[in-house]
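Please open the model in your viewer and keep the selection panel at hand. The tour below moves from one selection to the next and says what is to be found at each stop.

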Amino acid sequence: MNQESQQHGKHHNPPDRDGEASRSDTVISNLRAFARLYGYVRFFHPSDEAGAIDWDRFAILGSRKTKEAQGPAELRGALENLFRPIAPTLQLYGADENPHPFPRPGLADGLKIVHWNHHGVGLHHNHLVYRSHRPGRWSPDGVKSRLVFQQFSSDRYAGKEVKVSIYARTDCPDRSDLPGLWLSSQPPYAQFKNLVAVPITATEWQQYSATVRLPADCSTLSIGCYGGGADTVWADEIELAVRDEKGEWIPEKVEDPGFESDTPLDDSPHWYAFKLGARSSFTTQGPFRGKQCLMIETDTSAFLNAVHLKAGESVDKEIAPGLFSRVPLALHSDDEHTLPRADAEEFARLKAELDAIDVAALTPRDQDLRLADVAIVWNVLQHFYPYFDVVPADWDSALTSALEHALADKDRADFLHTLRLMAAALHDGHGFVNDPATRAWGQVPARLELVEGRAMAIAAEGVSGLLKGDEVMEVNGRPIQEAIAEALETSSGSPQFRQACSVRRMLKGPVGDTFRFLVVRGKDTLAVSAVAVETPATAVPPDQGESIRQLAKDIWYVDLTRAAMAAIDLVMDGLARARGVVFDLRGYPKGNHDVISHLLTGKEQRGEKWMWIPRIVYPDHERVESWDGTGWAFLQPKEPHLKGKIVFLTDSDVVSYAESFMGYIEGFKLAEIVGSPTAGTNGDVNPIELPGGYTFFWTGLRVTKFDGSQHHLIGIQPTVPLERTLKAVLEGRDEFLEKAVELINRSR
């Protein structure tokens with residue numbers, strides 16, 4: 001077993017400020033000043049020069065040039081030399097100085113105003129939800145990827161080759177940000193990631209196809225078409241096929257594949273549209289076949305352009321003690337360039353310096369790379385994390401702490417720990433840092449929970465070494481409570497979710513590593529061992545019987561963490577006739593949210609909005625202009641309706657997509673909810689890909705309850721609160737399930 005897996009995340013204390021590894025307050029102040037100015041200019045200064053540089057390289061260069069500045073004057077000079085080539089109207093000034101008025105161009109005809117509009121924040125060109133755009137400037141991060149898709153919930157596709165094809169045409173074939181074919185899979189974090197790269201390039205109807213092998217844990221598949229930057233795309237006759245064991249392609253049924261339905265797209269039971277920045281509809285305008293096709297038009301007037309700033313509008317910020325910056329947020333522009341232009345020679349020299357930085361050759365052993373990563377992460381969250389108003393985070397102090405650690409870190413594991421401490425400071429259950437340089441992680445196939453303060457195995461597979469009912473006293477020679485407490489340091493989110501994650505981490509490590517446990521089993525104390533194996537997205541469930549079964553003649557049980565929608569559909573008539581159904585959602589659903597449709601009556605107050613994406617034009621979360629709301633409009637009442645007593649089982653492992661599912665149950669009061677509060681973490685992640693190979697995950701949009709109240713850190717609240725007891729665990733009983741059956745029987 002390697003050192004990191006033994007420690008469940010390498011631990012180190014903050015650097016000794018009296019030792020050689022410590023840096024002076026001046027160095028930290030210099031780095032803080034650069035980091036703050038970096039964020040203001042990168043995300044809010046709209047010059048064309050700023051839009052044309054590599055900001056990862058700039059973060060490395062800036063950290064290198066400012067950290068050793070001797071005194072305020074030298075720091076100011078270093079910052080001016082760094083930023084002048086990309087922000088010629090930026091001003092730095094002292095507490096006893098007044099900034100100068102901005103130079104303004106003459107009143108020539110044809111000038112426009114350019115400024116940043118952020119819909120969340122666009123960090124990746126292919127993300128469907130988050131966008132950053134300068135009105136008047138097209139870019140790959142502009143209006144793109146307006147998606148119309150159909151979803152298939154079935155584990156039949158797991159690990160299989162699938163092929164999707166579509167007929168399509170576009171009116172702008174020469175753009176860099178073309179429309180394209182869409183194919184994605186789920187579970188976690190892949191829901192909005194396109195697995196194929198097939199741009200639509202022709203003005204005449206043409207068939208486009210792609211083949212891909214899906215992940216082994218795939219439970220949901222989506223296919224469709226997305227729009228590009230400034231164009232319209234028409235699509236028709238979409239097909240899906242799966243390769244069987246003989247190598248033959250077997251067609252799959254696609255509902256309304258030719259978009260021929262008389263029902264408008266907005267009300268379609270089969271097709272769902274992301275319509276931020278697009279007008280998507282079924283149209284009779286020149287279909288490939290039949291009477292209709294799909295049309296996706298970019299709607300620039302509705303996307304990111306609701307906020308208009310005046311030229312010269314600026315922000316004044318203190319970036320270091322006694323040193324202030326005035327950063328313009330809006331500039332005039334002619335048809336070619338923002339005004340005033342930066343000095344061409346200075347800009348060329350800066351570009352040459354940046355081009356000379358070989359990012360691929362740098363590693364986390366390079367201090368400047370570590371400092372750059374801290375500056376990048378801190379600024380993305382400082383300006384765009386949507387939950388600072390409800391989390392107990394001192395993010396300003398987090399910058400100082402992270403810089404101190406980054407200065408002292410020695411290797412990749414050290415710095416991974418530093419980044420994970422930053423994630424923990426967010427109190428965001430999605431807050432996590434992945435390092436692809438580490439070996440693939442797996443899990444000992446068991447389920448561990450704290451029950452009355454004790455680490456108990458509540459479920460275990462035969463190869464785990466553990467048995468159901470074991471109390472774990474030590475893991476790899478360390479007292480279990482000590483190991484859990486250490487894991488808590490780098491766990492992020494609500495208290496209930498952090499505890500669950502920290503306990504689960506006791507069973508996680510690189511695939512193939514051996515774990516040694518000291519357990520109490522009955523009256524005996526035993527040493528047992530197990531090997532971490534590859535695990536599916538849903539780990540060992542607390543209930544290990546059949547995922548769909550009858551508990552009694554007229555009571556059914558459905559484990560939503562294991563049963564795909566196709567399997568549930570096969571027994572749906574039986575569920576509809578049952579006196580009661582227990583849906584077990586103690587974990588992550590298997591793409592089966594369509595269960596909700598069979599619980600809706602049509603009498604619910606619809607039009608719910610519970611996902612909110614901020615429109616941001618000002619830094620530091622000041623004056624958020626608006627929040628664009630959306631929900632799951634594709635969920636509509638569906639027959640057969642489940643009329644019996646419905647009970648859902650939940651706990652703190654219910655997170656993200658699972659909480660979207662449970663939001664409908666809670667919001668519309670569709671069932672009793674038995675168990676403990678869910679994780680309180682929901683909203684699409686917006687990963688930050690960092691120099692050095694790390695990926696920093698965080699939640700990029702706000703999720704609320706249906707009534708608009710806070711969901712983050714609170715979670716879905718049970719209607720019947722329940723916690724495990726040591727007595728029931730030792731007796732092998734599932735109190736959650738027992739309570740659910742009791743509620744059903746009581747409803748007679």
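## First stop: α9 and α10

Select Ile484, Ala487, Leu488 and Glu489 in α9, and then add Arg498, Gln499, Ser502 and Val503 in α10, since these are the residues through which the two helices meet. Sorted by character, the residues of this contact comprise four nonpolar, two polar and two charged. Please keep in mind throughout that this is a predicted model. If you now widen the selection to residues 480-489 for α9 and residues 495-504 for α10, you have both helices in view, with axes that come within 8 Å and cross at roughly 125°. Angles from 115 to 145 degrees fall outside the perpendicular and antiparallel ranges, and α9 and α10 are therefore oblique to each other. The crossing in which α9 passes α10 is right-handed.

## Second stop: α2 and α4

Next, select residues 25-44, which form helix α2, together with residues 72-83, which form helix α4; their axes come within 11 Å and cross at roughly 25°. Because an angle under 35 degrees counts as roughly parallel, α2 is roughly parallel to α4. The crossing of α2 and α4 is right-handed. To see the contact itself, show the side chains of Asn30, Ala33, Phe34, Leu37, Tyr38 and Val41 on α2, and those of Leu75, Leu79, Leu82 and Phe83 on α4. This contact consists of nine nonpolar residues and one polar residue, with no charged residue among them.

## Third stop: the nonpolar cores

Which residues touch the most other members of the largest nonpolar core? Select Phe58, Phe83, Phe696 and Trp698, which hold that position in a core of 123 residues. Helix α2 supplies the largest share of this core, with twelve residues. Now centre the view on Phe696 and, setting aside residues up to four places away in sequence, look for the residues that Phe696 touches, among them Val377, Leu381, Leu419, Met422, Phe432, Pro687 and Ile688. Another core, of 35 residues, lies apart from the largest one, and selecting Cys218, Leu221, Phe259 and Ala273 will show you some of its members.

## Fourth stop: His383

Move to helix α6, residues 367-384, and pick out His383 within it. Is His383 buried or exposed? His383 has a relative accessible area of 1%, and is therefore buried. Once neighbours within four places in sequence are left aside, the residues in contact with His383 are Gly39, Tyr40, Phe43, Phe44, Ile616, Pro619, Asp620 and His621.

## Fifth stop: Pro179

Then select Pro179, which you will find in the loop between β6 (161-170) and β7 (180-186). Pro179 counts as buried because its relative accessibility is 0%. With residues up to four places away in sequence not counted, Pro179 touches Thr170, Val198, Pro199, Ile200, Tyr226, Gly227, Gly228, Asp231 and Val233. Of these, Gly227 merits a distance label, as the C-alpha atoms of Pro179 and Gly227 are separated by 4.4 Å although the two residues are 48 residues apart along the chain.

## Last stop: the whole chain

Finally, clear the selection and colour the protein by secondary structure, which comes to 15 helices and 37 strands. Of the 748 residues in the protein, 58% are buried. Among contacts between residues at least 6 apart in sequence, 71% join residues that are at least 24 apart.

Terms used
Residues are numbered from 1 along each chain as its sequence is written. This is a predicted model: local features need pLDDT of at least 70, side-chain atom pairs count only at pLDDT 80 or more; totals for chains, interfaces and linings use all residues. Side-chain values use heavy atoms; hydrogens and water are left out. Axes are lines fitted to C-alpha atoms, for helices over the stretch in contact, and angles run from 0 to 180 degrees between N-to-C directions. Helices (H or I, at least four residues) and strands (E, at least two) are DSSP runs, numbered from the N terminus. Angles under 35 degrees count as roughly parallel, over 145 as roughly antiparallel, 65 to 115 as roughly perpendicular and the rest as oblique. A crossing is left-handed if the near helix is turned anticlockwise from the far one by less than a right angle, and right-handed if clockwise. Contact means heavy atoms within 4.5 Å. Ala, Val, Leu, Ile, Met, Phe, Trp, Tyr, Cys and Pro count as nonpolar, Asp, Glu, Lys and Arg as charged, and the others, Gly among them, as polar. A nonpolar core is a set of buried Ala, Val, Leu, Ile, Met, Phe, Trp, Tyr and Cys residues joined through side-chain atoms within 4.5 Å. Buried means under 20% relative accessible area, exposed over 50%, partly exposed in between (1.4 Å probe, protein chains only).
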